[in-house]
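Colleague: I have a chain open on my screen and would like to go through it with you. Could you take my questions as they come?

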Amino acid sequence: MTVRQSIVFNGDLGSGKSTVSVEIAKRLGLRRVSVGDLYRQMAQERQMTALQLNLHAELDQAVDGYVDQLQRDIAASGESLVMDSRLAWHFFTDALKVHMITEPGEAARRVLLRPSGPAESYTSLEEAKARLLERSESERNRFIVRYGVDKARLRNYDMVCDTTRASAAEVIEHIVDAYEGRLGVEVLRDAPPLLLLDPARVYPTEDITTLRGLWDSEFVGDVAGAGDEALEPLRIGYTGEYFFVVDGHRRLSAALQNGFNLVPAQLVAEADEPVVGGMSAVDFFAAQVRPSIVYDWEAAHGIRLPLPEHALLGGDAVLAGEPGASA
């Protein structure tokens, strides 16, 4: 795999983009540009919060226009660099496009812990969580209207990395390995994005009692010895909110039993894309993920998975769809 010129970061507020991008730039000896820092400076100069500037930018195209032109100029220059920007993936072609995600409560906790400035300050976890969501949705709507692109679509990116439990060092190592051609080569080449997911946030879609080999100590031991990067990528569906297994329950279970914070995966279907038998990712998830399946998986692996709204409302009365394949 040819090493790409630049790495561009996009992602959830509080997902660790700044920390990771700073360290990767140092490690690779590349210049780093942060559009977030630029927006915060612009907000401070206007005596606005970051959210207020976002809302203002929905009406005043000059705010985005200046930053957009800066990114276009940098992309056209051919310089290899690290870019921390929520829209750089739209302007850069020859780059590794990394999207970072994290559980909303964890993102809010991180934001509360970091030093606040006049552009960003929160008084409670709930306020931080609500305002981060509002700010993210403001950006998403603005980008859809102005550029015709949806930053929430995972297929816009080469890599998606869940930083909920993974350390910055783990995330950095995985991204550098992908950038330098040691991780996820086939997925990145043939069917991006490469997903690096928190195995404790992936939903099962089959009854654990019907799955064979989950407790095969030899297999679990082999996985432990090889490490998460050597694991065959899971096949994963995504509703737009939840990740779920299409194929790979055994590998997911081994990752959980070994305490892995990240597991490689390939995106099979997103939102309205078909999973099996023409059933969309959203419909498949609603049909397959029932409370009993979630509870049994939680009990077996010592984790907690929030019940999706459809499961809370319908319980186990939801009809099963076509069964997904397992490893």
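Modeller: What follows is a walk through the fold, some helix packing and a few single residues.

Colleague: Before we start, what sort of model is this, and how are residues numbered?

Modeller: It is a predicted model, in which local features need pLDDT of at least 70 and side-chain atom pairs count only at pLDDT 80 or more, while totals for chains, interfaces and linings use all residues. Residues are numbered from 1 along each chain as its sequence is written, and side-chain values use heavy atoms, with hydrogens and water left out.

Colleague: OK, how many helices and strands are there?

Modeller: The chain has 14 helices and 12 strands, taken as DSSP runs numbered from the N terminus, with H or I of at least four residues for helices and E of at least two for strands.

Colleague: And how much of the chain is buried?

Modeller: Of its 327 residues, 52% count as buried, where buried means under 20% relative accessible area, exposed means over 50% and partly exposed lies in between, with a 1.4 Å probe and protein chains only. The chain exposes about 14,500 Å², and carbon and sulfur atoms supply 50% of that area, which was computed by the Shrake-Rupley method with a 1.4 Å probe.

Colleague: What share of the contacts comes from residues far along the sequence, say 24 or more positions apart?

Modeller: Such pairs account for 76% of the contacts with a separation of 6 or more, a contact being heavy atoms within 4.5 Å.

Colleague: Let's move to H11; is that helix mostly covered or mostly uncovered?

Modeller: Helix H11, residues 249–257, is mostly covered, with 7 of its 9 residues buried. The buried ones are His249, Arg251, Leu252, Ser253, Ala254, Ala255 and Leu256.

Colleague: What covers them?

Modeller: The cover includes helices H10 (217–226) and H13 (291–301), together with strands E7 (202–203), E8 (234–238), E9 (243–247) and E10 (263–270).

Colleague: How do the axes of H10 and H11 cross?

Modeller: They come within 9 Å and cross at roughly 65 degrees, which makes H10 roughly perpendicular to H11. Axes here are lines fitted to C-alpha atoms, for helices over the stretch in contact, and angles run from 0 to 180 degrees between N-to-C directions; under 35 degrees counts as roughly parallel, over 145 as roughly antiparallel, 65 to 115 as roughly perpendicular and the rest as oblique.

Colleague: Which residues meet there?

Modeller: Phe219, Val220 and Val223 in H10 meet Arg250, Arg251, Ala254 and Gln257 in H11. That contact divides into 4 nonpolar, 1 polar and 2 charged residues, with Ala, Val, Leu, Ile, Met, Phe, Trp, Tyr, Cys and Pro counted as nonpolar, Asp, Glu, Lys and Arg as charged, and the others, Gly among them, as polar.

Colleague: What about His249 in that helix, buried or exposed?

Modeller: His249 counts as buried because its relative accessibility is 0%. From C-alpha to C-alpha, His249 is 8.5 Å from Thr205, although the two are 44 residues apart in sequence.

Colleague: Changing topic, how do H6 and H7 pack?

Modeller: The axes of H6 (residues 104–113) and H7 (residues 125–147) come within 8 Å and cross at roughly 110 degrees, so H6 is roughly perpendicular to H7. In H6, Pro104, Gly105, Ala107, Ala108, Arg109, Val111 and Leu112 meet Leu125, Ala128, Lys129 and Leu132 in H7, and the residues of this contact divide into 8 nonpolar, 1 polar and 2 charged.

Colleague: Now the backbone: which peptide bond is cis around Pro193?

Modeller: The bond from Pro192 to Pro193 is cis, with omega near 10 degrees, and Pro193 is found in the loop between helix H9 (185–190) and strand E6 (194–197).

Colleague: And what is the phi of Ala271?

Modeller: Ala271 has a positive phi, near 60 degrees, in a residue other than glycine. Most residues other than glycine have a negative phi, and most peptide bonds are trans. Ala271 sits in the loop between E10 and strand E11 (274–276), and counts as buried because its relative accessibility is 18%.

Colleague: Last one, what does Glu173 touch?

Modeller: Leaving aside residues up to four places away in sequence, Glu173 touches Arg27 and Glu229. Glu173 lies in helix H8 (residues 168–179) and counts as partly exposed because its relative accessibility is 32%.
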